[in-house]
Amino acid sequence: MIRLGLRGRGDLAEWRDAARALLRAGVGPGDVEWQVRYDGADLFGLADDPLPPPDPAVPAPTVPAAFLTLADAVICHRDPARFALLYRLLWRVQGERALLSIPSDPDVARAETLEKAIRRDAHKMKAFVRFKEMGLPRDGRRRFAAWFEPDNFIVGRTSGFFQRRFTDMDWIIATPKGSAAWDGRELTLSDQPSAKPDLIDATDDLWRTYFTHIFNPARLKVQAMQSQMPKKYWKNLPEADLIPDLIAGAEDRMREMIDREATQPKPFHHRIRERE
Amino acid sequence: MAKSLKQRLAILSDAAKYDASCASSGTQRRDSSASGGLGSTEGMGICHAYAPDGRCISLLKILLTNFCIYDCVYCVNRSSSNVERARFTADEVVWLTLEFYRRNYIEGLFLSSGIIRSSDYTMEQLVRVARDLRTLHNFRGYIHLKTIPEAAPQLIEEAGLYADRLSINIELPTDQGIEQFAPQKHPARIRRSMSDLSLKIEAAKEPTLKTKRRQRFAPGGQSTQMIVGVDGATDATILGSSVDLYSRFRLRRVYYSAFSPIPDASSALPLSRPPLMREHRLYQADWLYRFYGFDVAEITSVRADGNLELDIDPKLAWALANRDRFPVDVNRAEKEMLLRVPGLGTISVPSILSARRHKRLRLDDLERLRVSVCKVRPFIMAEGWSPLRLTDRTDLRELFASKPQQLSLFG
Ligand code: SF4
């Protein structure tokens, strides 16, 4: 049994290097124990086993492109079993070439479930990151910072999106699972946990005004809202603490609209209508 | 006293919320990495927040002004209404859009307006906002402009150059409805404008002979909105009218908006309002028509009165009315028929087709394809599974009908 520890913070190369060596040495999925190595863990004697040398009898492994795309997402998941799952798939796909096109296969189904979770997590990050302005512009560029708490190690994956979109401003997105920063020239990534920046942005107040008034109290659908914007995101959304009051007041506001008698139009209306 | 920006934002978003569209998808892909500007559209639209009405907030959806010289009975901004009025300058809308965008609150702007002075004047203001965003501020986010049917052609041309999507609301499903409830609007003119837009949108997709370059004109296409429950139109009439719009003008979307109480409503409005469920069923039926190969007549003929069932969805209603077409064998049936099985959809059907090339599918295979087995079971055959004949079951409707809606909204 070979025991391997990976940091597993969304870096495919780390896993791929180990997996390639194992595959070329002919080590089957049942003979590897994958672990997550926390920083400093080797202090407690959790040293990795050395990677075995390649076995000349093992043919050069092949990896379908679809596998790499899948692995690139799955590796970002926080599930500790992801390394072993991917290795099992990699091992099996050497013989079962069509494996990835059988979505009902339990390993494939599991990998696709993880991939889907990553896609959702990344999508929610693109949606719910909120930038706050940090003081005055520097060298003519405005500066923003955001704090976000993703479920998985997706900061690297989504950073390109923010770079392509918020190109003319400096920004940093800090999360407990790493950070990304852009200064107009370079995108800097880190997989170290960041501290939460403490910022206040006056424009949040206008956004809260918008959120309050775009809501139609006559069409309350709390469940629909919560399934798309689960409560776990609320604490970092500047608009979310308005929600309970909007819900509580909705029925009264609707009643008021229904019960109100029709009013008489202002003179403005009559003047226009006379011109017709 | 002059109203602050914040007060006007409140009034003009209140005025805009009855437009259901907030879509930011389906336009060209672009970003700012080459221009060094601000904004991108990368295929899928993004909902940056959800209001407690369950609606996606993707765009800053506001009116430039809610003053209006028209008097559409159902509208909160009609000239006879006594709601508070306000107006933004074009610069203020530009500023709000950019500042909201920078904070990642939104994908872009959906700008509409009451008609002030004249159609051309109003359209000119809308176009100015879009032009400034694109040319002065290098903004590459999403822009949706409401189009005033009577506006001059060169204004429409310019609008299409800067906007991703243009829309003209048809408002009501029948011409008589429009004449009765939107007396200043002209159904023929609305349709002519939609047709003009559609020709321009199609033409812009072809590279021109001379320059070999594509012209830009509303790459996200056009959409429209119909208000449900103001006139007496049945669902069959409404959907028939949508099909007509989809096929004649290649609309991307028809939005349905169940007419809901508005502040200072006109006494000419019907007293009872349609259940929100009706709107939901219309969207489902619209979906079945566009993506599932259903004919609208198949869906709307289930009931004699031409309305959709409220307690079960239109696909299930069709299945129950056509029990002789079931069970469907998931290991052999054609794609078209699989799509008609209640509980299977445009995501699971391709997975089934792919998986069954390699093995005969059982119920637990379907489960792994994330199909809700308890829902589809009565309608399918699979390896090791054949259901009771549907024609022998009397309890199916009860099995699926949604629980009666609670009166209190907070239960
Ligand atoms: S034209 Fe009609 S629908 Fe549009 S804002 Fe004016 S009154 Fe409302």
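Visitor: In this predicted model, which cavity does the ligand take?
Guide: A cavity is a set of grid points where a 1.4 Å probe fits but cannot get out, with the protein atoms alone considered. By that test, the ligand takes up the space of one such cavity, and its rank is the largest.

Visitor: What classes of residue make up the shell around the ligand?
Guide: The residues around the ligand come from chain B, including Cys68(B), Cys72(B), Cys75(B) and Tyr70(B). Arg78(B), Glu171(B) and Lys185(B) are there too, as are Asn77(B) and Ile115(B). Cys and Tyr count as nonpolar here. By class, the shell has three charged, one polar and five nonpolar residues.

Visitor: How much area do chain A and chain B bury between them?
Guide: Interface size is often given as the accessible area lost when the parts come together. Chain A brings 74 residues to the contact and chain B brings 77. Carbon and sulfur atoms carry 57% of the buried area, and the total is about 6600 Å².

Visitor: Which three residues supply more of chain A's buried area than any other three?
Guide: Look at the side of the interface that chain A buries against chain B. Three residues supply 13% of that area: Arg165(A), Tyr210(A) and Arg219(A).

Visitor: Which residue stands opposite Ala180(A)?
Guide: Chain A has an open, mixed sheet of five strands, ordered S3-S4-S5-S6-S7. S3 (132-133) and S7 (187-190) are its edge strands, each pairing on one side only. S6 (residues 178-182) meets S7 in the antiparallel sense, over four bridges. Across from Ala180(A), in S7(A), stands Leu189(A).

Methods:
Residues are numbered from 1 along each chain as its sequence is written. Chains are lettered from A and ligands numbered from 1 in the order in which they are written. This is a predicted model: local features need pLDDT of at least 70, side-chain atom pairs count only at pLDDT 80 or more; totals for chains, interfaces and linings use all residues. Side-chain values use heavy atoms; hydrogens and water are left out. Two strands pair if DSSP finds at least two bridges between them. Helices (H or I, at least four residues) and strands (E, at least two) are DSSP runs, numbered from the N terminus. A residue is near a molecule or strand if one of its heavy atoms lies within 4 Å of it. On a 1 Å grid over the protein atoms alone, a cavity is a set of points where a 1.4 Å probe fits but cannot get out, and a pocket is an open set with protein on both sides within 12 Å along at least five of seven lines; lining residues have an atom within 4 Å of a point. A molecule sits in a cavity or pocket if more than half of its atoms lie within 2 Å of its grid points. Contact means heavy atoms within 4.5 Å. Buried area is the accessible area (1.4 Å probe) that two parts lose on being put together, summed over both.
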